[in-house]
Amino acid sequence: MSDSVHNPVWTSCKDAAGIAGNIFAFGLFVSPIPTYRRIIRNRSTEQFSGLPYIYALMNCLICMWYGMPLISADNLLVVTVNSFGTVFQLAYIILFIIYAERKIKVSMLASLLVVLVLFAIIVAGSLQIHDRMIRWISVGSLTVVSLISMFASPLFIINLVIQTKSVEFMPFYLSLSTFLMSTSFLLYGVLNFDAFIYVPNGIGTILGIIQLMLYLHYKKKSVQESKEPLIVSHA
């Protein structure tokens, strides 16, 4: 295994997968921009929820900490992607708080405080573990739970698509970006022999494939239905 890790071709493939994952993740990070254009234009968060951004921030913080040299080795690209993610999520949360009603402002501020306190506890607690292997396993386990929770969130959308037989609430490019990012980091984790990365991203890849298959199936079905005549002539 050590020979493979230090092989230049192996390292180049791993870095390429990680860089691709960073690029595809950027597509995910900018996907809420149209929503925020609407929020800023209307000066109201309307019926939108800010909780997804709170969960995403927690996920980015945990994964960023896992990628740090103090926790795991040779995971710089995990740090970069989640650092960008943290900045984006904080920006979204701040904008949401600015335009939300007073009651929601208080709730979002409290949620943000909880996330920051929990992250501080995770950092401080993990630094108290002097055994590097145990520290790696502890933070890695939290990373797996966090990533699986994030990748499991589209299950609601998948169920909605099946029930309504419509892909209206499952944007294609968002599903595609999720699939490509998961696949890239699946390869990155495999090439880096890091189960804490390839296991959750493997699950994310499977869920991404399911979303894309559902999209293609119901999109094709809706196109076929739209081509059918609205009035059937019996003349």
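1. Helices here are DSSP runs of H or I with at least four residues, and strands are runs of E with at least two. On that basis, in this predicted model, residues 106–127 are 100% helix and 0% strand, with the end C-alpha atoms 32 Å apart.

2. The UniProt record, an unreviewed entry, places the feature "transmembrane region" at several spans, among them 16–36, 106–127 and 197–218. For residues 16–36 the model gives 90% helix and 0% strand, and the C-alpha atoms at the two ends of that span lie 32 Å apart.

3. The largest pocket has a volume of about 1700 Å³, and of the 48 residues that line this pocket, L28, S31, P52, S153 and L174 are the closest to its centre. Elements giving two or more residues to the lining include α2 (8–30), α5 (76–99), α7 (132–152) and α9 (172–191), while α4 gives the most, with 10 residues.

4. What is the make-up of the lining of the largest pocket by class? The lining has 32 nonpolar and 16 polar residues, and no charged residues, a point to keep in view when reading the list of central residues.

5. With a disulfide taken as a pair of cysteine sulfur atoms within 2.5 Å, the count for the model comes to zero. C60 is accordingly in no disulfide, and the nearest cysteine sulfur, that of C63, is 7.0 Å away.

6. Is C60 buried or exposed? C60 has a relative accessible area of 4% and is therefore buried, whereas C13, with a relative accessible area of 41%, is partly exposed.

Definitions and conventions
Residues numbered from 1 in each chain as written. Predicted model: local features only at pLDDT ≥ 70, side-chain atom pairs only at ≥ 80, totals over all residues. Heavy atoms only, no water. UniProt positions renumbered as here; feature names shortened; annotations may be inferred. Buried < 20%, exposed > 50% of the residue type's maximum accessible area, 1.4 Å probe, protein only. 1 Å grid on protein atoms, 1.4 Å probe; cavity = no way out; pocket = protein on both sides within 12 Å on 5 of 7 lines; lining within 4 Å. Points joined across faces, edges and corners; volume = space filled by probe spheres on them. Nonpolar A, V, L, I, M, F, W, Y, C, P; charged D, E, K, R; others polar.
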